[in-house]
Amino acid sequence: MNAFLMHPDRDFSPPAQGAWDRDELAKDLALPTLWHAMAMEDEFLYEVAKRATYGALTNDAETIRHRHAVLRDCQAHGEVIDAIYQLALSAIEEKGKSYFGILSTYPSAVLHGALEVMEIFVKKLRDLRKIAEESESTFSSDAFKRLFCMLREELSDEYLSEVEHHLAILHFRRGVLLSASLGKDGRGIDYIVRLPNADERPWWRRLIKRRRSEFSFEIPERDDAGAQALSDIQGRGINAVANALAQSMEHILGFFVLLRTELAFYRAQLNLQKQLGLLGAKLCVPTVAPSGSRGLRFDEMYDVCLALQMQKAIVGNRVNATGKSLVMITGANQGGKSSFLRSVGVSQLMFQAGMLVGADQYESEIYQGMFTHYKREEDAGLESGKFDEEVSRMSRIAQKIVPNSMLLCNESFAATNEREGSAIAHDVIRAMLDKEIRVLFVTHFYHLARSVISSEVGKTLFLRAPRNEDGTRSFRLIEGAPLETSFGEDLYRRIFCEDLVLSSQTTKADV
């Protein structure tokens with residue numbers, strides 16, 4: 001049995017290590033903040049959210065639309081989703097309490113443990129089918145309709161009753177009936193468990209003990225060796241049955257685990273939607289742009305992780321970068337450039353994971369990879385200087401990045417002088433664009449921005465973080481050519497003037 005709630009044609013599974021650095025991406029985009037909000041202190045939800053995010057770059061348009069449809073049903077029928085999730089969780093927990101895995105080398109223990117769990121599972125499957133019958137008509141997504149139809153058709157009363165009948169036989173309340181053949185060395189081979197013969201005598205005849213018609217013998221009470229030999233024969237006889245039952249149990253358990261895992265992704269999304277809703281932050285259903293269109297446009301897109309960290313709604317941005325392979329972001333210090341860059345990366349991952357996106361509108365094509373190259377603070381553990389470390393990190397990215405990827409650079413090569421940093425950055429940008437890689441580059445290098453203007457005409461969208469007349473920042477980027485200043489003087493005044501005022505106030509108080 002399959003759930004097919006995450007993909008239209010396959011089960012959800014952890015993605016293999018892709019051609020990108022997950023640790024760097026999580027650190028630069030603050031992804032743990034997103035996962036914690038989705039999990040709400042549930043470790044299992046955290047891991048599922050993490051796996052779904054890391055698998056975002058392997059999804060296609062059909063999968064994204066599939067998940068959006070499932071999410072709409074989850075939003076509309078939260079109580080039903082919770083009931084299914086709790087039912088799957090309780091089945092998994094019951095298995096953990098009942099199955100004697102430590103005795104799995106003994107056929108009788110395997111049979112007893114698997115039998116006990118299977119009886120619990122049959123009851124859970126009945127409850128699950130009941131939910132499917134009651135809810136099928138109210139759900140609209142193809143995924144849930146297919147799941148409910150499968151549960152209704154494959155778990156009929158007749159089928160489950162037959163399963164319960166076979167499980168009752170496997171208790172062997174009248175003993176184990178075996179057949180075997182003699183091997184060449186006189187030992188038993190070809191052990192087969194036989195169905196017990198039905199006793200068709202009237203009840204009053206069963207009370208009268210009759211003489212056995214078959215050949216039989218009894219093992220004396222103190223014959224330990226004989227008892228062990230008989231136990232070994234019984235074990236060989238029921239071994240195949242025990243293994244078959246255990247495999248069936250594991251198959252059903254796997255379905256419950258898969259059902260819980262795939263539903264967990266949507267429960268995590270509902271958690272995120274609830275938390276952002278309390279902050280007054282909006283979420284939208286994103287749109288998949290045609291492949292190769294270089295589509296990327298959004299309205300009031302904001303940094304979801306920053307909103308969660310600050311516990312308030314964040315200023316969004318409206319940008320249309322469709323057809324532009326390069327987005328150069330310049331402007332005032334502390335003007336929202338880095339937050340904007342991170343918002344693009346987080347939104348793209350959420351979009352490709354099949355999640356809602358923090359914006360009024362979001363449209364993008366699907367990328368095959370995502371890489372970040374952010375400036376790093378000085379690290380005493382570095383074996384080389386900051387600039388060498390930046391170059392080395394970009395070299396690793398160049399070895400892994402593939403066409404139709406997205407590269408986010410935040411003040412890359414700022415550890416050297418402007419002339420050298422601009423030359424290296426321009427060469428990197430040109431090489432990436434030649435390989436059909438979309439680049440978003442935040443920089444305070446004016447020479448770099450000017451060189452891009454002169455050489456990458458038609459490919460580039462220039463965004464600038466503006467400065468208000470009073471020196472404040474709006475944190476809303478505008479389209480505009482780079483300026484020769486990033487208004488560092490404002491930052492200097494804010495820091496040092498505040499220190500000066502504080503120092504003067506302290507002196508007066510002391511006097």
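1. Is R294 buried or exposed? R294 is buried, because its relative accessibility is 15% and the buried class takes in values under 20%. This is a predicted model, so the points below concern computed geometry. R294 sits in the loop that runs between β3 (287-288) and β4 (296-301). Its backbone deserves a look as well. Phi of R294 is near 55 degrees, which is a positive value in a residue that is not glycine.

2. E411 raises a similar topic. Phi of E411 is also positive, near 55 degrees, and E411 is not a glycine. The residue belongs to the loop between β9 (405-410) and α14 (418-434). With a relative accessible area of 13%, E411 counts as buried, because the limit for that class is under 20%. Check both loops on screen: R294 between β3 and β4, E411 between β9 and α14.

3. Now the chain as a whole. The chain holds 16 helices and twelve strands. It has 511 residues, and 46% of them are buried. The accessible surface is about 27300 Å². Carbon and sulfur atoms account for 51% of that surface. Contacts reach far along the sequence. Taking contacts between residues at least 6 apart, 75% link residues at least 24 apart.

4. How many cavities of 30 Å³ or more are there? The count is one. The volume of the largest cavity is about 50 Å³. Its lining consists of L71, Q269, L272, Q273, L283, M350, M355 and L356. By type, six of these residues are nonpolar, two are polar and none is charged.

5. Which helix gives the most to that lining? Helix α10 (residues 224-278) does, with three residues. The lining also spans a domain boundary. Domain 1 (22-173 + 248-278) and domain 2 (282-503) each supply at least three residues. The domain limits come from an automatic or database assignment.

6. M350 is one of the lining residues of the largest cavity. It lies in helix α12 (residues 337-352). Its relative accessible area is 1%, so M350 is buried. Outside its neighbours within four places in sequence, M350 touches L34, L272, V304, M355, L356 and V357. Among these contacts, L272, M355 and L356 also appear in the cavity lining. L34 is 316 residues away from M350 along the chain, and their C-alpha atoms are 9.8 Å apart. That pair is in contact all the same.

7. A465 is another buried residue, at 1% relative accessibility. It is part of strand β11 (residues 460-465). What does A465 contact, beyond neighbours within four places in sequence? The partners are T330, G331, A332, G335, K337 and L477. G335 is 130 residues from A465 along the chain, yet the two C-alpha atoms are separated by 5.2 Å.

8. A281 lies in the loop between α10 and β3. A relative accessible area of 12% makes it buried. With neighbours within four places in sequence set aside, its contacts are L276 and Y302. The C-alpha atoms of A281 and A313 stand 5.2 Å apart, with their positions 32 residues apart in the numbering. A313 is not in the contact list of A281.

9. D190 offers the contrast. Why does D190 count as exposed? Its relative accessibility is 53%, and the exposed class takes in values over 50%. D190 is found in strand β2 (residues 188-194). Apart from its neighbours within four places in sequence, D190 contacts S179, A180 and S181. The C-alpha atoms of D190 and S179 are 7.8 Å apart, and these residues are eleven apart along the chain.

10. To sum up the places worth opening in the viewer. Start with R294 and its positive phi, then E411 and its own. Go on to the cavity of about 50 Å³, where residues from domain 1 and domain 2 share the lining. Finish with A465, which is buried, and D190, which is exposed.

Definitions and conventions. Residues are numbered from 1 along each chain as its sequence is written. This is a predicted model: local features need pLDDT of at least 70, side-chain atom pairs count only at pLDDT 80 or more; totals for chains, interfaces and linings use all residues. Side-chain values use heavy atoms; hydrogens and water are left out. Helices (H or I, at least four residues) and strands (E, at least two) are DSSP runs, numbered from the N terminus. Buried means under 20% relative accessible area, exposed over 50%, partly exposed in between (1.4 Å probe, protein chains only). On a 1 Å grid over the protein atoms alone, a cavity is a set of points where a 1.4 Å probe fits but cannot get out, and a pocket is an open set with protein on both sides within 12 Å along at least five of seven lines; lining residues have an atom within 4 Å of a point. Grid points are joined across faces, edges and corners, and a volume is the space filled by probe spheres set on the points. Ala, Val, Leu, Ile, Met, Phe, Trp, Tyr, Cys and Pro count as nonpolar, Asp, Glu, Lys and Arg as charged, and the others, Gly among them, as polar. Contact means heavy atoms within 4.5 Å. Accessible areas come from the Shrake-Rupley method with a 1.4 Å probe; for residues, only the protein chains shown count as cover.
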